[in-house]
Amino acid sequence: LGVQDKTLILWPSASVRQAEFTEKPFASPAEVSSAFEGLCQERPDYAYMLRPHPNTPHTLPDTAYHGILDPGFSPDDALLAADVVCFEVSTMGLQGHLAGLPTICVGFPDIAVFPQYNKGLIADDLSQAVAQLTARNLETLQQDAAEQGTLENATSTITQLIVAISHGASI
């Protein structure tokens, strides 16, 4: 990928333009790239990977100098490559949290739900997510993730079942 010496931010793109139950639009790949380009210029230790939703492919914006497009990784491989997951509403955000990665829910913690119940980072918008990343290095992000805690009890059991099913287990 060419970013081994960088803290790699995974951004799983949405499959639709806006979330159900709200008129607030999801960020476009160009908006995400623009925000992360500013971060990477200020903090050269960061890079980012845009991951198109399987149902809504897109290309890397022309202005993306510090970003890469997911080369077609499986969800598991994308998470293995990533150091932090920034997401709006995505199962990749939940999978990243369950894998112990630092996560930042951007703009939709009420719809994504799980960020409200742990100590994961929540940002109102991309600029706030960039500010949170600017203020932290990988070690600090990992410490934040270690302190996130688990989803606990019934929710934890359900998410473990979902992960098992997603890996082909029969329940």
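**Exercise 1. Get an overview of the fold.**

Work out what share of the protein's residues count as buried, and in what order its elements come.

*Solution.* Start with burial: of the 171 residues in the protein, 45% count as buried. Keep in mind that this is a predicted model. Next, the surface: about 9000 Å² is exposed, with carbon and sulfur atoms supplying 54% of it. Now list the elements. The protein has 7 helices and 6 strands, and from the N terminus on they run β-α-β-β-α-β-α-β-α-β-α-α-α. Finally, look at the contacts between residues at least 6 apart in sequence: 54% of them join residues at least 24 apart.

**Exercise 2. Take apart the largest nonpolar core.**

Find which residues touch the most other members of this core, and which element supplies its largest share.

*Solution.* The core has 23 residues, and the ones that touch the most other members are Ile 9, Trp 11, Phe 36, Ile 104 and Leu 133. Then ask where the members come from. At least two residues each are supplied by strands E1 (7-12), E2 (46-51), E4 (84-87), E5 (103-106) and E6 (121-123), along with helices H1 (29-42) and H5 (126-134). H1 gives the largest share, 5 residues.

Zoom in on Trp 11. Skipping residues up to four places away in sequence, Trp 11 touches a list of residues that includes Val 32, Phe 36, Met 49, Cys 86, Val 106 and Leu 126. There's also a second, separate core of 17 residues, with Val 3, Leu 8, Ala 82 and Phe 87 among them.

**Exercise 3. Classify the aromatic pairs around Phe 36.**

Decide for each pair whether the rings are stacked, tilted or edge-to-face.

*Solution.* A pair of aromatic rings is described by the distance of the centres and the angle of the planes. The count comes to 3 aromatic pairs; let's do two that involve Phe 36.

1. Trp 11 and Phe 36 sit 6.0 Å apart, centre to centre, with 75° between the planes. Angles over 60 degrees count as edge-to-face, and that's the label for this pair. Trp 11 is in strand E1 and Phe 36 in helix H1, 25 residues apart, so the pair links distant parts of the chain. Both Trp 11 and Phe 36 are buried.
2. Phe 36 and Tyr 48 have ring centres 5.5 Å apart and planes at 50°, so this pair is tilted. Since Phe 36 lies in helix H1 and Tyr 48 in strand E2, the pair ties together parts that are 12 residues apart in sequence. Phe 36 and Tyr 48 are both buried.

Put the pieces together: Trp 11, Phe 36 and Tyr 48 make up one aromatic cluster.

**Exercise 4. Compare two loop residues.**

Are Arg 43 and Phe 21 buried or exposed?

*Solution.* Arg 43 is in the loop between H1 and E2. Its relative accessibility is 16%, and the cut-off for buried is under 20%, so Arg 43 counts as buried. Now check its surroundings: leaving aside neighbours within four places in sequence, Arg 43 is in contact with Leu 133, Thr 134, Ala 135, Arg 136 and Asn 137. A polar atom of the Arg 43 side chain lies 3.2 Å from the backbone oxygen of Arg 136.

Phe 21 is in the loop between E1 and H1. With a relative accessible area of 81%, Phe 21 is exposed. Phe 21 and Ile 111 are 90 residues apart in sequence, yet 8.5 Å apart in space, C-alpha to C-alpha.

Terms used. Residues numbered from 1 in each chain as written. Predicted model: local features only at pLDDT ≥ 70, side-chain atom pairs only at ≥ 80, totals over all residues. Heavy atoms only, no water. Helix = DSSP H or I, 4+ residues; strand = E, 2+ residues; numbered from the N terminus. Buried < 20%, exposed > 50% of the residue type's maximum accessible area, 1.4 Å probe, protein only. Contact = heavy atoms within 4.5 Å. Areas by Shrake-Rupley, 256 points an atom, 1.4 Å probe, with all protein chains shown as cover. Core = buried A, V, L, I, M, F, W, Y, C linked by side-chain atoms within 4.5 Å. Polar contact = N/O pair within 3.5 Å; in protein donor to acceptor, adjacent residues only side chain to side chain. Phe/Tyr/Trp six-rings, centres within 6.5 Å; stacked < 30°, edge-to-face > 60°.
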